[in-house]
Amino acid sequence: LSLSVSSRALSVPSKLRRSFSFACLFHILFAMETYRLIGVDFGTTVSSVYQMIMNSPSNQNSGDSDSYIAFHGNDCYFGTAAKKKMGNEGYQVVYELKRVIGLDEDDESIDEDKEKWPFKIVGNDRGKACIQLELPFNGETITRTVDPEVLVAQYLNHLLEERVENRLRCKAVFSIPAKFSNVQREAMKSAVNQLRLADVRFFPEPTAAAMAYIRESPSIVDNSCIVVYDFGGGTFDVSVLRYSHKDFTVLYTTGDAHLGGADIDNSLMDYVVKLLQRVEPGFCLSSYRAKSNAKRLFEEIKCMVSTQEPYTLYASDIDRKYEREGSEPVNITKAMLREVCAPFIQRTIAILREVFDRPHDGFRAEEIKYILPVGGCSNIPFVLEALNKAFPKVKVLRAPDPTHMVAKGACYLGRRNDNN
């Protein structure tokens, strides 16, 4: 409009004046059309991307991707394609990078993981944990040491390149575990900055999840407190938020940066391996192929057994060298899974109980009216059972899509900030 007025002041002919105004309007509409805001939840086992379309988060053409990278010579695979290479000859598959990024090589939290991972963790000249890749190339084995930030950046770059058009023109919101240390946060930011996006912001994962639930399920009583119980693939976060006038304030955060579904997978693996050793003496996960097959299998078994029938597993399903006639299987039941899950669920309950039992500035325990379970592990039925039993006076909410609440909420947070 101001450009049109200026053209009159310059005595531009009316026909040209109209063309000039329409051109301005076209550029404004084009800018509005190409505006994109994306929310990214980089997970330990699965990552999610949502795009803000017409003020509503959508995973159309986006969705989930397994947090895996596979290397083979000069070739590199990402997501599901990488996960399918687990156990294949000549492929080096890397995963659970979220558990390594920003940590020192001698950090005790990854000692047990090192025994399960089919790749090596070594320290760089600063003592930081790095991934050591051993790649076959032209008949030789090449050893390459890579910082986790570099691998995370490569993975995220492929994730956005594959799922988001014109991603360099997007505004992006990334979620970070609330219990990450400052060093881990800075390492994640360093990885994201390598993507060279136009505008990047970061929010805690529980905050994003709460925003998604409040926007999509407006049943929260005003001026009440809500606890977000974020039990994901590799981290566990708890945040207390006060909801007031369609907005919220973060009051308290706690959790465990090394507690999640990956630990349940590993514990289930140890449990079943002992059972297999009874029917197959000498059975062990000694080779790269066996460790890779076991990782993939037990992640699937956990999801299947928690909701369906028992799973029948043979030693040869993990390692073909045990394939023979007359071998006995192991039946993995829901009761077994419940036994395996119990210690980890109780660890989350203990952390949550501290929120209710200890005095805190800014809120009282009796003000907490809701618990919102989100994250992949909140889909395990035993989790909801434990929460209802431990906190009978608090309403345990049911998120419509607990696995994707964080990525969707990141979109809402980005939109809210833009509106402000």
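Of the contacts in the protein between residues at least 6 apart in sequence, 65% join residues at least 24 apart. The model is a predicted one, and its secondary structure consists of 13 helices and 18 strands. The protein has 420 residues, of which 52% are buried. Its accessible surface comes to about 20,200 Å², and carbon and sulfur atoms account for 48% of that area.

The interior may be considered next. In soluble globular proteins, nonpolar side chains tend to be buried together. Here the largest nonpolar core contains 55 residues, and Phe 298, Leu 313, Ile 318 and Ile 332 have the most contacts inside it. Helix α11, which spans residues 334–357, gives the most to this core, contributing 11 residues. Leaving aside residues up to four places away in sequence, Ile 332 touches Leu 268, Val 272, Phe 298, Ile 301, Val 305, Pro 310, Tyr 311 and Leu 313. Two of the core residues named above, Phe 298 and Leu 313, thus appear among the contacts of Ile 332. A second core, separate from this one, has 46 residues and includes Leu 103, Trp 117, Leu 151 and Leu 197.

The cysteines form a further topic. The structure holds zero disulfides. Cys 341 is accordingly in no disulfide, and the nearest cysteine sulfur, that of Cys 377, lies 7.7 Å away; a disulfide would require the two sulfur atoms to be within 2.5 Å. Cys 341 is counted as buried because its relative accessible area is 0%. Cys 130 is also buried, with a relative accessible area of 1%.

The position of Cys 130 leads to a strand pair. Strand β7 (residues 120–123) and strand β8 (residues 129–137) pair in the antiparallel sense over four bridges. Within this pairing, Ile 121 stands opposite Ile 131 of β8. The two strands form a hairpin with five residues between them, and in this hairpin Gly 127 takes a positive phi near 80°.

Strand β3, which covers residues 56–66, offers a polar residue in a buried setting: Ser 65 belongs to this strand and has a relative accessible area of 6%, so it is classed as buried. Which residues surround Ser 65? Apart from residues up to four places away in sequence, Ser 65 touches Thr 45, Val 46, Ser 47, Gly 79, Tyr 155, Leu 159 and Arg 163. With one of these, Tyr 155, the contact is polar: the side chains of Ser 65 and Tyr 155 meet at 3.1 Å.

Conventions. Residues numbered from 1 in each chain as written. Predicted model: local features only at pLDDT ≥ 70, side-chain atom pairs only at ≥ 80, totals over all residues. Heavy atoms only, no water. Buried < 20%, exposed > 50% of the residue type's maximum accessible area, 1.4 Å probe, protein only. Contact = heavy atoms within 4.5 Å. Areas by Shrake-Rupley, 256 points an atom, 1.4 Å probe, with all protein chains shown as cover. Pairing = 2+ DSSP bridges. Core = buried A, V, L, I, M, F, W, Y, C linked by side-chain atoms within 4.5 Å. Polar contact = N/O pair within 3.5 Å; in protein donor to acceptor, adjacent residues only side chain to side chain.
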